[in-house]
Amino acid sequence: DIFVIGGASIYQQMLPLAHHLYLTLVDDIPQLADAFFPEIDEQEWETMEQEDKHEGKWNYRFVHMRRKSASI
């Protein structure tokens, strides 16, 4: 397995090659952020696992997604 750990432009380049995504999704509206993970086409991906978390004022989710066309 190969894991890609960002920057935004690296994610953008590698996303078309990915079969699985392991994401941490934070439920918040960024105030000063200037870079983001690329948009994910929900029709291309299916959620395999999701774990909801809450710490202090933060709600977030660990999500494992698989590309629907992936044979792996």
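The following exercises, with worked solutions, concern strand pairing and the largest pocket in a predicted model.

**Exercise 1.** Determine how strands S1 and S2 each pair with strand S3.

*Solution.* Begin with S1, which spans residues 20-26, and S3, which spans residues 58-67. These two strands are antiparallel and are joined by seven bridges. One bridge sets the register: histidine 20 has arginine 66 in S3 as its partner. Next, take S2, residues 45-55. Its pairing with S3 is also antiparallel and extends over 10 bridges. Here glutamine 50 lies opposite valine 63 of S3. Two strands count as paired if at least two bridges are found between them, so both pairings qualify.

**Exercise 2.** Describe the connection between S2 and S3.

*Solution.* The two strands form a hairpin, with two residues between them. Within the turn, examine the backbone of glycine 56: its phi is positive, at about 60°.

**Exercise 3.** Characterise the largest pocket by volume, lining and residue classes.

*Solution.* First, the volume is about 1,000 Å³. The lining comprises 28 residues, of which His20, Leu21, Tyr22, Leu23 and Phe37 are the closest to the centre of the pocket. Secondly, assign the lining to secondary structure elements. Helix H1 (8-14) and strand S1 each contribute at least two residues, and S1 gives the most, with seven. Histidine 20 thus links the exercises: this residue pairs with arginine 66 and is among the lining residues closest to the pocket centre. Finally, sort the lining by class: 19 residues are nonpolar, three are polar and six are charged.

Note on methods: Residues numbered from 1 in each chain as written. Predicted model: local features only at pLDDT ≥ 70, side-chain atom pairs only at ≥ 80, totals over all residues. Heavy atoms only, no water. Helix = DSSP H or I, 4+ residues; strand = E, 2+ residues; numbered from the N terminus. 1 Å grid on protein atoms, 1.4 Å probe; cavity = no way out; pocket = protein on both sides within 12 Å on 5 of 7 lines; lining within 4 Å. Points joined across faces, edges and corners; volume = space filled by probe spheres on them. Nonpolar A, V, L, I, M, F, W, Y, C, P; charged D, E, K, R; others polar.
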